[in-house]
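Hi,

Here is the structure I promised to pass on. Have it open while you read, and my notes on what turned up in it follow below.

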Amino acid sequence: MKLTKPRRDILSLYDEIDHPLNAEEIYNLLKNEYDLSTIYRNLNLFEKENILKSIVFSDKITYYYKSTGHFHFIYCIKCKKFEKLDICFENQFKKYIEENIQFKITDHILYFEGICKNCQNNNKAGD
């Protein structure tokens with residue numbers, strides 16, 4: 001894979017940001033330097049090459065995140081913001097699944113959806 005300027009620019013965002021991004025967020029962060037089709041095409045290539053992984057939440061928007069590392073998220077369904085969780089019960093879940101269900105775990109992602117504190121407070125203010 002040739003590392004073109006758009007590809008370098010997209011990947012450099014993930015050096016600074018540790019949560020998933022969707023194509024429109026990347027488009028805005030790169031100050032509209034590349035059209036959305038270029039961004040989508042490169043995100044799909046990065047996923048195919050296992051550089052990025054994708055996840056789709058209940059809003060049906062595809063978000064991309066680094067394929068290396070260990071990530072758990074809380075996602076606000078109102079403002080679309082992420083919080084990273086630094087707690088993981090992977091070993092307990094993995095042991096239970098492998099021993100009781102005889103299912104070999106190769107990877108996992110954990111996320112919760114809900115409404116963040118700011119959106120809850122904004123909702124109360126509008127009551």
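A quick definition before anything else: a residue is called buried when its relative accessible area is under 20%, exposed when over 50%, and partly exposed in between. With that in hand, F82 at 11% relative accessibility counts as buried. Do keep in mind that this is a predicted model.

**The cores**

Let's start with the inside. The largest nonpolar core has 14 residues, and I10, Y14, I26, I39 and L43 are the ones that touch the most other members. The elements that give two or more residues to this core are helices α1 (5-16), α2 (23-29) and α3 (36-48). If you want one residue to click on, try I26: leaving out residues up to four places away in sequence, I26 touches I10, L13, Y14, L21, I39 and L43. There is also a second, separate core of eight residues, and F71, F73, Y75 and F82 are among them. As background, nonpolar side chains in soluble globular proteins tend to be buried together.

**The aromatics**

If you like rings, there is plenty to look at: a search of the whole structure finds nine aromatic pairs. One of them is F57 with Y75, a stacked pair with 4.3 Å centre to centre and 20° between the planes. This pair links distant parts of the chain, since F57 sits in the loop between β2 (52-56) and β3 (62-66) and Y75 in strand β4, 18 residues apart. F57 counts as buried at 2% relative accessibility, and Y75 counts as buried at 1%.

Y63 and F82 make another pair, and here the geometry is edge-to-face because the ring centres are 5.2 Å apart and the planes are at 80°. Y63 is in strand β3 and F82 in strand β5, so this pair ties together parts that are 19 residues apart in sequence. Y63 counts as buried, at 0% relative accessibility.

Zoom out a little and you will see that ring pairs link F57, Y63, Y65, F73, Y75, F82 and Y111 into a cluster.

Y40 is a tyrosine to view separately. Y40 is placed in helix α3 and counts as partly exposed, at 41% relative accessibility. Between Y40 and Y27 there are 9.6 Å in space, C-alpha to C-alpha, and the two are 13 residues apart in sequence.

**H72**

Is H72 buried or exposed? H72 counts as buried, because its relative accessibility is 2%. You will find H72 in strand β4 (residues 72-76). Leaving aside neighbours within four places in sequence, H72 is in contact with E83, K84, L85, I87, C88, H108 and L110.

One of those contacts, I87, also turns up on the outside. I87, F89 and F93 form a nonpolar patch on the surface, with about 330 Å² of accessible area together. I87 itself is found in the loop between β5 (82-84) and α4 (90-100).

**The salt bridges**

The structure holds five salt bridges. Here are three to look up:

- K5 and E33: their side chains meet at 3.2 Å, N to O. K5 is in helix α1 and E33 in the loop between α2 and α3, 28 residues apart. K5 is partly exposed, with a relative accessible area of 42%, and E33 is partly exposed too, with 47%.
- D18 and K84: this bridge is 3.9 Å, N to O. D18 lies in the loop between α1 and β1 (21-22) and K84 in strand β5, 66 residues apart. Both ends count as partly exposed, D18 with a relative accessible area of 42% and K84 at 32%.
- K80 and D59: the side chains meet at 3.7 Å, N to O. K80 lies in the loop between β4 and β5 and D59 in the loop between β2 and β3, so the bridge ties together parts that are 21 residues apart in sequence. K80 is partly exposed, with a relative accessible area of 28%.

One last thing on charges: K5, D9 and E33 are joined into one network by salt bridges that share partners.

Cheers

Notes: Residues are numbered from 1 along each chain as its sequence is written. This is a predicted model: local features need pLDDT of at least 70, side-chain atom pairs count only at pLDDT 80 or more; totals for chains, interfaces and linings use all residues. Side-chain values use heavy atoms; hydrogens and water are left out. Helices (H or I, at least four residues) and strands (E, at least two) are DSSP runs, numbered from the N terminus. Buried means under 20% relative accessible area, exposed over 50%, partly exposed in between (1.4 Å probe, protein chains only). Contact means heavy atoms within 4.5 Å. A nonpolar core is a set of buried Ala, Val, Leu, Ile, Met, Phe, Trp, Tyr and Cys residues joined through side-chain atoms within 4.5 Å. Patches are made of residues with over 30% relative accessible area and no salt bridge: like charges are joined within 9 Å, nonpolar side chains (Val, Leu, Ile, Met, Phe, Trp, Tyr) within 5 Å. Accessible areas come from the Shrake-Rupley method with a 1.4 Å probe; for residues, only the protein chains shown count as cover. A salt bridge is a side-chain nitrogen of Lys or Arg within 4 Å of a carboxyl oxygen of Asp or Glu. Rings of Phe, Tyr and Trp (its six-membered ring) pair if their centres lie within 6.5 Å; planes under 30 degrees apart count as stacked, over 60 as edge-to-face and the rest as tilted.
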